[in-house]
Amino acid sequence: MVDRITVVGAGHVGETQALRLAEMNVAREVVLVDILEGIPQGKALDLYESGPVVGFDTRVIGTNGYAETKNSDIVVITAGIPRKPGMSRDDLLATNAGIVRNVAAEVKKASPKAIVVVVSNPLDVMTYVAKEATGFPANRVFGMAGVLDTARFRTFIAEKVGVSVEDIQALVLGGHGDTMVPLVSYTTISGIPLTQFLDKQTIDALIDRTRKGGAEIVAYLKEGSAYYAPSAAVAQMVEAIVHDKKRILPCAAWMEGQYGIRDTYLGVPCKLGRGGVEEIIEVELTDEEQAALEKSAQHVRGTIEDLKKLM
Ligand code: NAI
């Protein structure tokens with residue numbers, strides 16, 4: 001257990017995040033921060049009062065400032081606007097960059113030793129913004145996307161094959177967006193390659209649905225985007241960090257030459273422990289997968305350049 005985890009942004013993702021973390025008993029205190037007056041306080045109090053029934057002792061606090069977040073061990077940044085139908089994640093660039101930069105500067109002051117997990121979109125670029133604004137080492141600033149994308153892929157596979165989601169292992173790399181790279185060669189059902197269960201055409205259709213998984217939900221909701229699966233994905237990452245599990249999970253990590261790629265954030269398998277991203281695991285890729293990963297990196301880098309022009 002750690003002392004304090006802060007969740008910035010008390011919207012759909014943030015409030016669900018605080019709920020999951022409180023129920024998991026991973027921290028003595030969960031602090032929910034938002035700029036909207038009364039909202040984080042009200043949601044946090046309501047959540048705190050569920051403790052006696054659900055059975056957790058986590059203290060949950062809501063606030064509009066950062067005094068209460070002091071010396072957080074982990075900070076999850078969910079502040080920012082979500083997309084509307086027809087919007088791409090990149091359309092959120094300018095607005096969310098301003099928000100994430102401000103939030104990250106506050107985090108740096110209040111919690112200089114924190115591990116920062118970014119959720120705000122466009123994910124890979126917002127993680128870059130958070131790294132720049134905090135100046136924290138790259139192992140302590142990374143983003144959540146791959147666990148969610150992988151969870152979506154696993155859900156669709158389980159449904160199609162008619163087996164438990166628990167038995168499906170999958171790996172989705174690349175940026176969080178249309179250029180994500182699901183790796184079929186590393187996708188298995190209890191160790192048995194997926195290709196022994198489904199033909200190429202069916203697998204391609206599941207990959208396509210995974211790529212558009214976020215948009216499918218946005219189209220239904222009209223206002224707002226997904227939050228149950230995203231908050232579950234972050235919770236899994238936080239659990240790996242708190243318990244120093246050394247889990248191998250796909251995260252948006254700062255690339256320093258791994259896979260021949262540098263100077264960008266990109267979704268790759270990472271070893272997650274108390275040190276944050278303790279290692280980036282380099283798996284063998286086919287030429288096609290490597291090319292897709294490089295294309296994805298180029299896209300993220302291009303968006304980082306767009307952002308620099310806007311500022
Ligand atoms: P939401 O609109 O429900 O909540 C966002 C919250 O951020 C609002 O309560 C707003 O008041 C708050 N906020 C804005 N500026 C702030 C600031 N400077 N400081 C503190 N709080 C601030 O949005 P939702 O659905 O919670 O999504 C949040 C972000 O997460 C979006 O950018 C969305 O695209 C992204 N997202 C990313 C996912 C991923 O896989 N990485 C998955 C789902 C959402």
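Helices and strands are here runs assigned by DSSP and numbered from the N terminus, a helix having at least four residues and a strand at least two. With that in hand, proline 122 can be placed in the loop between strand 5, residues 115-118, and helix 5, residues 123-134. The peptide bond that leads from asparagine 121 into proline 122 is cis, and its omega angle is near -5 degrees. This model is predicted, and every value given below was computed from it.

Stepping back to the whole protein, we can count 10 helices and 14 strands. The C-alpha atoms fill a box of roughly 55 × 50 × 40 Å when the box is taken along the principal axes. For a chain of 311 residues, a compact globule would have a radius of gyration near 19 Å, and the protein, with 19 Å, agrees with that expectation. Of these 311 residues, 51% count as buried. The accessible surface of the protein comes to about 13,800 Å², and carbon and sulfur atoms hold 50% of this area. If we take the contacts in the protein with a separation of 6 or more, then 69% of them are between residues 24 or more positions apart.

How many aromatic pairs does the structure hold? There are three of them. A pair of aromatic rings is described by two quantities, the distance of the centres and the angle of the planes. In one pair, tyrosine 227 and tyrosine 228 lie 4.7 Å from centre to centre, with 35 degrees between their planes, and the pair is tilted. Tyrosine 228 has a relative accessibility of 55%, and because exposed means over 50%, this residue counts as exposed.

Another pair is made by tryptophan 254 and tyrosine 265, whose ring centres are 5.2 Å apart and whose planes meet at 55 degrees, so this pair is also described as tilted. The pair links distant parts of the chain, since tryptophan 254 belongs to strand 12, residues 247-256, while tyrosine 265 belongs to strand 13, residues 262-273, and the two are 11 residues apart. Is tryptophan 254 buried or exposed? With a relative accessibility of 13%, tryptophan 254 counts as buried, because the cut-off for buried is under 20%. Tyrosine 265 is buried as well, with a relative accessible area of 0%. Together with Tyr128, Trp254 and Tyr265 form one aromatic cluster.

Charged side chains are also found over aromatic rings. Lysine 131 lies over the face of tryptophan 254, at 4.4 Å from the ring centre, and arginine 140 lies over the face of phenylalanine 136, at 4.5 Å from the ring centre.

We can next look at the backbone in two loops. Lysine 222, which is not a glycine, has a positive phi of about 65 degrees, and its place is the loop between helix 8, residues 213-221, and helix 9, residues 228-242. This lysine 222 is exposed, with a relative accessible area of 52%. Aspartate 244, likewise a residue other than glycine, has a positive phi near 50 degrees, and is located in the loop between helix 9 and strand 12. The relative accessible area of aspartate 244 is 32%, so aspartate 244 is described as partly exposed.

Two further residues show what surroundings a side chain can have. Glutamine 17 lies in helix 1, residues 12-24, and counts as buried at 0% relative accessibility. Which backbone atom does the side chain of glutamine 17 reach? The side chain reaches the backbone oxygen of serine 231, at 3.2 Å. If residues up to four places away in sequence are not counted, glutamine 17 touches Val7, Val76, Pro230, Ser231, Val234 and Ala235.

Valine 165 lies in the loop between helix 6, residues 146-161, and strand 7, residues 168-169, and at 41% relative accessibility valine 165 counts as partly exposed. Leaving aside neighbours within four places in sequence, valine 165 is in contact with Arg154, Thr155 and Ala158. Along the chain, valine 165 and arginine 154 are 11 residues apart, and in space their C-alpha atoms are separated by 6.2 Å.

Definitions and conventions:
Residues are numbered from 1 along each chain as its sequence is written. This is a predicted model: local features need pLDDT of at least 70, side-chain atom pairs count only at pLDDT 80 or more; totals for chains, interfaces and linings use all residues. Side-chain values use heavy atoms; hydrogens and water are left out. Rings of Phe, Tyr and Trp (its six-membered ring) pair if their centres lie within 6.5 Å; planes under 30 degrees apart count as stacked, over 60 as edge-to-face and the rest as tilted. Buried means under 20% relative accessible area, exposed over 50%, partly exposed in between (1.4 Å probe, protein chains only). A charge sits over a ring if NZ of Lys or CZ of Arg is within 6 Å of the ring centre and within 35 degrees of the ring normal. The radius of gyration is taken over C-alpha atoms; the globule rule is 2.2 Å times the number of residues to the power 0.38. Contact means heavy atoms within 4.5 Å. Accessible areas come from the Shrake-Rupley method with a 1.4 Å probe; for residues, only the protein chains shown count as cover. A polar contact is a pair of N or O atoms within 3.5 Å; within protein, one must be able to donate a hydrogen and the other to accept it, and residues adjacent in sequence count only if both atoms are side-chain atoms.
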